[in-house]
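Me: I would like a close look at one part of this structure, followed outward to whatever it touches. Please take it step by step and keep to what the model itself can show.

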Amino acid sequence: MTLLLFTVLALIALVGAVGVVMSRNAVYSALFLLVNFATIAVMYFMLSAQFLGVVQVIIYAGAIVVLFLFVIMLIGGQIGPVTVGGRRYARLLALVLGAAFLLLVVLGLGAALPPGEAPLGAPQAGSVQAVGQELYTTYLIPFELASILLLVGMLGGVVLARRYRELGKD
Amino acid sequence: MIIVITSVIKSLVLILLLLTGFAYLTYYERKLLSRFQVRIGPNRAGPRGLLQPVADAVKAIFKEEVVPDHVDKVVYLLAPALSLIPALVAFAVVPLAPDLTIGNFTLRFHIADVNIALLYILAITSVGTYGIILGGWSSNNNYSLLGALRTASQMISYELPMGIILVAIILTTNIGRETGTLSLVEIVNQDRPWWLWLWLWLAFPMFFITMLAESNRSPFDLPETENELIAGFQIEYGGIKFALYFMAEYISMITGSAIMATLFFGGWHGPFATPGTWYGPIVGFGWLVLKIIVLLFLYIWVRASMPRIRYDQLLQFCWKILTPLSIAYLILTAIIVALAAP
């Protein structure tokens, strides 16, 4: 049952991922990305990582893809399909670099994960309580550092937007 | 297996209830608005116009299906459904009545008691934006695109104070217990001291405003302002597709009221709604429905009394007043929770 569910979900996620790069219309790419994110959220639920699953939906589906769509619409996603020109060697280079990156990811994951079948998380390991406990005790310092990073990014956005507006006024 | 069957049956019953609720909410709103404006309102179809929603439904279903030539067909047809589904599924975590025990079988009046219910609601409301954005974009019409862009910024902005107030409510579930909870079923079952009720009611106006903005209700109905956008994202929609958008808006009003009733007014709790008795679930459900109807009255009252605000005022109000206020409320709540801890 789990294997069947996983296979179906993995296929949907793959179709979504391929759709992102194959679509000629930027809005369709964003929608395929949404499909991909949603399937991955379901996979988190299957691994009983409820918190991660819901946060995946809130952040990626609820905020990031909405912002993508927002930007695509503002810069004119409705004009029509985007055509990509390109020289032959550029495509070849992209293929080689892509394959190298895939190799890197596979090797990295292979080194990080324990050998054999991955154990399913204990039913409570992915709950909000467990994640919160870990975040605020074991990983407190990295967690706070990451939030400072986000804050700096936000302030940078505000500064850039303000400067742009003041220049526009002159 | 039995859990799958009961869940499916419960979902079907709930969807039927919500759709009927939607139909009569339109009647309720039209009647109330006409009272506010010293009119009579619908009174032709059936006694006191009670069959008006049925007539409207028949009209919407039998209208000719028009798909304009210049639209993006797939997305255009998908968008109304994407708008309705989140409004319906958000109800899954709301407890409707106390449990009913018959012999050794316990019937629970909620579809899912998950420990992430409040996060689930946040996730669902954030996904609800898609129906409107995509509808506006796929219509390939400047007015509807503007409406869709307004929706995107409005919903994203108002989600922030809403989320912060929810965090404050989650914090208060910690008082007098070892751990807090995110489950609506447990939140309803917790006993709160009287001062906590008063403190929570302070946040209710703020939360209500964010709910108005999330369901695009007047005075925050800028995505569809008739006088500047001639209906915004739904210009190119007619017949049943328009009705689906309409349903999404009204059902999200019902869902929002149910969530507010559950968080701020004790859900199904009320006199005679005693758990463990045969009449408990019936009375409890009655209390919940009554609370929802009163909150829906608030929505309509606001619509009848308030002028629509300007778009920049809308965003300024959110970012410069509502967000700082909700952050201050969160900090004060945290202090109260820390003081109340044993």
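Reply: In α1(B), the buried residues are B:Leu14, B:Leu18, B:Phe22, B:Ala23, B:Leu25, B:Thr26, B:Tyr27, B:Glu29, B:Lys31, B:Leu32, B:Leu33 and B:Ser34. This is a predicted model, and what follows should be read with that in mind. The partners against which the buried residues of α1(B) pack are α2 (52-62), α3, α10 (239-264) and α11 (280-305), which belong to chain B as well.

The length of the helix can be checked against its ends. Helix α1 of chain B covers residues 2-36, and because each residue is taken to add 1.5 Å, its 35 residues should span 51 Å; the C-alpha atoms at its ends are 49 Å apart, in agreement with that expectation.

Two charged residues of this helix deserve a separate look, and they can be taken in turn. B:Glu29, one of the buried residues of α1(B), forms a salt bridge with B:Arg303, and the closest N and O atoms of the pair are 2.8 Å apart. This pair links distant parts of the chain, since B:Glu29 sits in helix α1 of chain B and B:Arg303 in helix α11 of chain B, 274 residues apart. B:Glu29 counts as buried because its relative accessibility is 3%, whereas B:Arg303, with a relative accessible area of 35%, is partly exposed. As a general point, side chains of opposite charge can pair when their charged atoms come close.

The second charged residue is B:Arg30, whose side chain meets that of B:Asp56 in a salt bridge, at 3.2 Å from N to O. Here too the pair links distant parts of the chain: B:Arg30 belongs to helix α1 of chain B and B:Asp56 to helix α2 of chain B, and 26 residues separate them in sequence. B:Arg30 is partly exposed, at a relative accessible area of 36%, and B:Asp56 is likewise partly exposed, at 30%.

Over all chains, the rule used here counts three salt bridges. One of them lies away from the helix under discussion: B:Lys241 pairs with B:Glu65, with 2.9 Å between the closest N and O atoms. B:Lys241 is in helix α10 of chain B and B:Glu65 is in the loop between α2 and α3 of chain B, so this pair ties together parts that are 176 residues apart in sequence. B:Lys241 counts as buried, at 5% relative accessibility, while B:Glu65 is partly exposed, with a relative accessible area of 43%.

Next comes what lies beyond the end of the helix. α1(B) is followed by B:Val38, whose phi is positive, near 55°, although this residue is not a glycine. Most residues other than glycine have a negative phi. B:Val38 is placed in the loop between α1 and α2 of chain B, and because its relative accessible area is 77%, it is exposed. B:Arg48 is also found in the loop between α1 and α2 of chain B, and its phi is near 55° too, a positive value in a residue other than glycine. At 68% relative accessibility, B:Arg48 counts as exposed.

Finally, chain B also meets chain A, and this contact can be set beside the picture above. In that contact, 22 residues of chain B touch 24 residues of chain A, and the area buried between the two chains is about 2,100 Å², with 78% of it given by carbon and sulfur atoms. Across this interface the rule finds zero salt bridges, and it finds one residue pair in polar contact, both residues being at pLDDT 80 or more. On chain B, α3 (73-89), α4 (117-127), α5 (129-138) and α6 (142-172) each supply at least two residues of the side that touches chain A. α4(B) gives the most to that side, with six residues, and the residues of the side divide into 17 nonpolar, four polar and one charged.

As for the partner, the secondary structure of chain A comes to six helices and zero strands, and buried residues make up 18% of its 170 residues.

Technical notes:
Residues are numbered from 1 along each chain as its sequence is written. Chains are lettered from A and ligands numbered from 1 in the order in which they are written. This is a predicted model: local features need pLDDT of at least 70, side-chain atom pairs count only at pLDDT 80 or more; totals for chains, interfaces and linings use all residues. Side-chain values use heavy atoms; hydrogens and water are left out. Contact means heavy atoms within 4.5 Å. Buried area is the accessible area (1.4 Å probe) that two parts lose on being put together, summed over both. A salt bridge is a side-chain nitrogen of Lys or Arg within 4 Å of a carboxyl oxygen of Asp or Glu. A polar contact is a pair of N or O atoms within 3.5 Å; within protein, one must be able to donate a hydrogen and the other to accept it, and residues adjacent in sequence count only if both atoms are side-chain atoms. Helices (H or I, at least four residues) and strands (E, at least two) are DSSP runs, numbered from the N terminus. Ala, Val, Leu, Ile, Met, Phe, Trp, Tyr, Cys and Pro count as nonpolar, Asp, Glu, Lys and Arg as charged, and the others, Gly among them, as polar. The expected span of a helix is 1.5 Å times one less than its number of residues. Buried means under 20% relative accessible area, exposed over 50%, partly exposed in between (1.4 Å probe, protein chains only).
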